[in-house]
Amino acid sequence: SRSRRLQFYASASNNEEAAARAAAANADSGAPTIFDKIIAKEIPSSIVYEDEKVLAFRDIDPQAPVHVLVIPKFRDGLTQLGKAEARHGEILGQLLYAAKIVAEKEGILDGFRVVINNGSDACQSVYHLHLHVLGGRQMKWPPG
Ligand code: TR5
(Lines give C-alpha, C1' and ligand atoms only; values in the text may rest on other atoms or scores of the structure.)
Protein backbone atom coordinates (compact mmCIF):
# COMPACT_ATOMS: atom_id res chain seq x y z
CA SER A 1 0.00 0.00 0.00
CA ARG A 2 1.05 3.61 -0.40
CA SER A 3 1.33 4.21 3.34
CA ARG A 4 3.48 1.11 3.84
CA ARG A 5 5.70 2.31 1.03
CA LEU A 6 5.99 5.74 2.62
CA GLN A 7 6.81 4.08 5.95
CA PHE A 8 9.51 2.09 4.24
CA TYR A 9 10.97 5.21 2.67
CA ALA A 10 11.04 6.91 6.04
CA SER A 11 13.09 4.12 7.60
CA ALA A 12 15.37 3.32 4.68
CA SER A 13 18.79 4.79 4.15
CA ASN A 14 19.20 7.30 1.37
CA ASN A 15 20.51 4.76 -1.12
CA GLU A 16 17.86 2.22 -0.32
CA GLU A 17 15.29 4.96 -0.62
CA ALA A 18 16.52 5.99 -4.05
CA ALA A 19 16.61 2.38 -5.24
CA ALA A 20 13.13 1.74 -3.87
CA ARG A 21 11.80 4.89 -5.50
CA ALA A 22 13.30 3.84 -8.81
CA ALA A 23 11.89 0.33 -8.49
CA ALA A 24 8.47 1.68 -7.52
CA ALA A 25 8.46 4.15 -10.38
CA ASN A 26 6.99 2.97 -13.64
CA ALA A 27 9.74 1.55 -15.75
CA ASP A 28 10.25 3.46 -18.95
CA SER A 29 6.65 3.36 -20.18
CA GLY A 30 6.89 6.53 -22.23
CA ALA A 31 4.00 7.99 -20.19
CA PRO A 32 4.09 11.71 -19.35
CA THR A 33 6.00 12.51 -16.16
CA ILE A 34 5.88 15.10 -13.42
CA PHE A 35 8.45 17.09 -15.39
CA ASP A 36 5.85 17.84 -18.09
CA LYS A 37 3.83 19.66 -15.43
CA ILE A 38 6.93 21.52 -14.28
CA ILE A 39 7.68 22.56 -17.88
CA ALA A 40 4.06 23.68 -18.33
CA LYS A 41 4.36 25.55 -14.98
CA GLU A 42 1.31 23.71 -13.69
CA ILE A 43 3.54 22.72 -10.78
CA PRO A 44 5.80 25.40 -9.34
CA SER A 45 9.55 24.93 -9.40
CA SER A 46 12.53 27.06 -8.59
CA ILE A 47 13.87 27.87 -12.03
CA VAL A 48 17.58 28.59 -12.32
CA TYR A 49 17.87 28.83 -16.10
CA GLU A 50 15.50 28.63 -19.03
CA ASP A 51 15.70 29.04 -22.77
CA GLU A 52 13.67 27.87 -25.74
CA LYS A 53 14.84 24.25 -25.51
CA VAL A 54 16.03 23.72 -21.94
CA LEU A 55 14.72 24.17 -18.39
CA ALA A 56 16.85 24.03 -15.25
CA PHE A 57 15.22 23.95 -11.82
CA ARG A 58 16.18 23.02 -8.26
CA ASP A 59 15.77 19.42 -7.20
CA ILE A 60 13.05 19.06 -4.57
CA ASP A 61 15.26 16.68 -2.57
CA PRO A 62 18.73 18.24 -2.85
CA GLN A 63 21.75 15.98 -2.34
CA ALA A 64 24.20 18.90 -2.19
CA PRO A 65 24.01 22.65 -1.45
CA VAL A 66 23.52 23.12 -5.19
CA HIS A 67 21.37 20.46 -6.89
CA VAL A 68 19.75 21.52 -10.13
CA LEU A 69 18.05 19.38 -12.77
CA VAL A 70 18.55 20.27 -16.44
CA ILE A 71 15.91 18.87 -18.80
CA PRO A 72 14.84 19.18 -22.42
CA LYS A 73 11.49 20.98 -22.78
CA PHE A 74 10.58 18.57 -25.57
CA ARG A 75 11.29 15.02 -24.46
CA ASP A 76 11.13 13.70 -28.03
CA GLY A 77 11.65 10.07 -27.00
CA LEU A 78 14.46 10.90 -24.57
CA THR A 79 12.94 9.15 -21.59
CA GLN A 80 16.49 8.16 -20.70
CA LEU A 81 19.96 8.61 -22.18
CA GLY A 82 19.87 4.99 -23.30
CA LYS A 83 17.16 5.95 -25.79
CA ALA A 84 19.32 8.59 -27.48
CA GLU A 85 19.59 8.55 -31.25
CA ALA A 86 21.75 10.53 -33.66
CA ARG A 87 18.99 13.12 -34.11
CA HIS A 88 19.26 13.99 -30.40
CA GLY A 89 22.85 15.16 -30.71
CA GLU A 90 22.00 18.85 -30.74
CA ILE A 91 19.74 18.82 -27.67
CA LEU A 92 22.22 16.62 -25.78
CA GLY A 93 24.90 19.23 -26.42
CA GLN A 94 22.54 22.02 -25.37
CA LEU A 95 21.76 20.24 -22.11
CA LEU A 96 25.44 19.85 -21.28
CA TYR A 97 26.11 23.49 -22.12
CA ALA A 98 23.13 24.52 -19.97
CA ALA A 99 24.71 22.54 -17.10
CA LYS A 100 27.78 24.76 -17.43
CA ILE A 101 25.63 27.91 -17.42
CA VAL A 102 23.88 26.65 -14.26
CA ALA A 103 27.24 25.94 -12.59
CA GLU A 104 28.41 29.44 -13.49
CA LYS A 105 25.20 31.07 -12.19
CA GLU A 106 25.42 29.07 -8.98
CA GLY A 107 29.07 30.00 -8.44
CA ILE A 108 30.40 26.44 -8.52
CA LEU A 109 32.41 26.51 -11.75
CA ASP A 110 35.52 25.46 -9.80
CA GLY A 111 33.98 22.14 -8.86
CA PHE A 112 30.72 20.54 -9.81
CA ARG A 113 29.42 17.19 -10.93
CA VAL A 114 27.00 16.30 -13.71
CA VAL A 115 25.13 13.01 -13.29
CA ILE A 116 22.70 11.12 -15.49
CA ASN A 117 21.03 8.12 -13.89
CA ASN A 118 19.99 5.74 -16.65
CA GLY A 119 17.48 3.01 -15.85
CA SER A 120 16.54 1.27 -12.64
CA ASP A 121 20.01 -0.10 -11.83
CA ALA A 122 21.16 3.52 -11.76
CA CYS A 123 18.15 4.61 -9.64
CA GLN A 124 16.46 6.60 -12.40
CA SER A 125 13.04 7.53 -11.04
CA VAL A 126 11.70 10.02 -13.60
CA TYR A 127 11.59 8.95 -17.25
CA HIS A 128 12.26 12.31 -18.84
CA LEU A 129 15.98 12.75 -19.48
CA HIS A 130 17.58 14.97 -16.86
CA LEU A 131 21.09 16.00 -15.89
CA HIS A 132 21.78 16.48 -12.20
CA VAL A 133 24.15 19.40 -11.55
CA LEU A 134 25.60 18.99 -8.07
CA GLY A 135 28.06 21.10 -6.12
CA GLY A 136 28.76 23.46 -3.26
CA ARG A 137 30.48 20.78 -1.21
CA GLN A 138 33.36 18.34 -1.58
CA MET A 139 31.98 15.54 -3.73
CA LYS A 140 33.06 11.95 -3.08
CA TRP A 141 34.46 9.45 -5.53
CA PRO A 142 33.52 6.79 -6.43
CA PRO A 143 29.81 7.60 -6.36
CA GLY A 144 27.52 5.00 -4.82
O1 TR5 B 1 16.37 9.61 -9.65
P2 TR5 B 1 16.50 10.38 -10.93
O3 TR5 B 1 17.88 10.46 -11.51
O4 TR5 B 1 15.45 9.94 -11.95
O5 TR5 B 1 16.17 11.90 -10.55
C6 TR5 B 1 14.88 12.39 -10.41
C7 TR5 B 1 15.00 13.59 -9.53
O8 TR5 B 1 13.79 14.33 -9.62
C9 TR5 B 1 15.22 13.26 -8.06
O10 TR5 B 1 16.44 13.81 -7.63
C11 TR5 B 1 14.02 13.91 -7.39
O12 TR5 B 1 14.34 14.46 -6.14
C13 TR5 B 1 13.62 14.96 -8.40
N14 TR5 B 1 12.25 15.39 -8.31
C15 TR5 B 1 11.15 14.58 -8.20
C16 TR5 B 1 10.04 15.44 -8.14
C17 TR5 B 1 10.52 16.73 -8.21
C18 TR5 B 1 11.88 16.71 -8.32
N19 TR5 B 1 12.55 17.88 -8.41
C20 TR5 B 1 11.81 19.02 -8.36
N21 TR5 B 1 10.47 19.07 -8.24
C22 TR5 B 1 9.77 17.91 -8.16
N23 TR5 B 1 8.40 17.72 -8.05
C24 TR5 B 1 7.51 18.87 -7.99
N25 TR5 B 1 7.87 16.49 -7.97
C26 TR5 B 1 8.62 15.33 -8.01
N27 TR5 B 1 8.02 14.10 -7.92
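## A walk through the fold, the ligand shell and His-130

Among contacts in the protein between residues at least 6 apart in sequence, 59% link residues at least 24 apart. Keep in mind as you look around that this is a predicted model.

Let us start with the overall layout. The protein has four helices and five strands. Read from the N terminus, the elements follow the order α-α-α-β-β-β-α-β-β. Of its 144 residues, 23% count as buried. UniProt, in an unreviewed entry, lists residues 34-144 as "domain: HIT". Over residues 34-144, the chain is 21% helix and 23% strand, and the C-alpha atoms at the two ends are 25 Å apart.

Now find the ligand. Around the ligand you will see Ile-34, Ile-43, Ser-45, Asp-59, Ile-60, Asp-61, Leu-69, Asn-117, Cys-123, Gln-124, Ser-125 and Val-126. By character, the shell splits into six nonpolar, four polar and two charged residues.

From here, move to His-130, which the unreviewed UniProt entry annotates as "active site". This histidine sits in the loop that runs between strand S4 (112-115) and strand S5 (131-135). Is His-130 buried or exposed? A residue is called buried if 20 or more other C-beta atoms lie within 10 Å of its own. His-130 has 27 other C-beta atoms within 10 Å, so it is buried. Which residues does it contact, once neighbours within four places in sequence are left aside? They are Leu-69, Val-70 and Ile-71. You have met Leu-69 already, as one of the residues around the ligand.

The loop between S4 and S5 also holds Ala-122. Ala-122 counts as partly exposed because it has 15 C-beta neighbours inside 10 Å, whereas His-130 is buried. Although Ala-122 and Gly-144 are 22 residues apart along the chain, their C-alpha atoms are separated by 9.5 Å.

For a last stop, go back towards the start of the chain, to Asp-28. You will find Asp-28 in the loop between helix H2 (14-24) and helix H3 (34-39). With 15 C-beta neighbours inside 10 Å, Asp-28 is therefore partly exposed. Setting aside residues up to four places away in sequence, Asp-28 touches Thr-79, Gln-80 and Tyr-127. Its C-alpha atom and that of Val-54, 26 residues apart along the chain, are separated by 21 Å.

Terms used
Residues numbered from 1 in each chain as written. Predicted model: local features only at pLDDT ≥ 70, side-chain atom pairs only at ≥ 80, totals over all residues. UniProt positions renumbered as here; feature names shortened; annotations may be inferred. Buried ≥ 20, exposed ≤ 12 C-beta atoms within 10 Å, placed from the backbone. Contact = placed C-beta atoms within 7 Å. Near = placed C-beta within 6 Å. Nonpolar A, V, L, I, M, F, W, Y, C, P; charged D, E, K, R; others polar.
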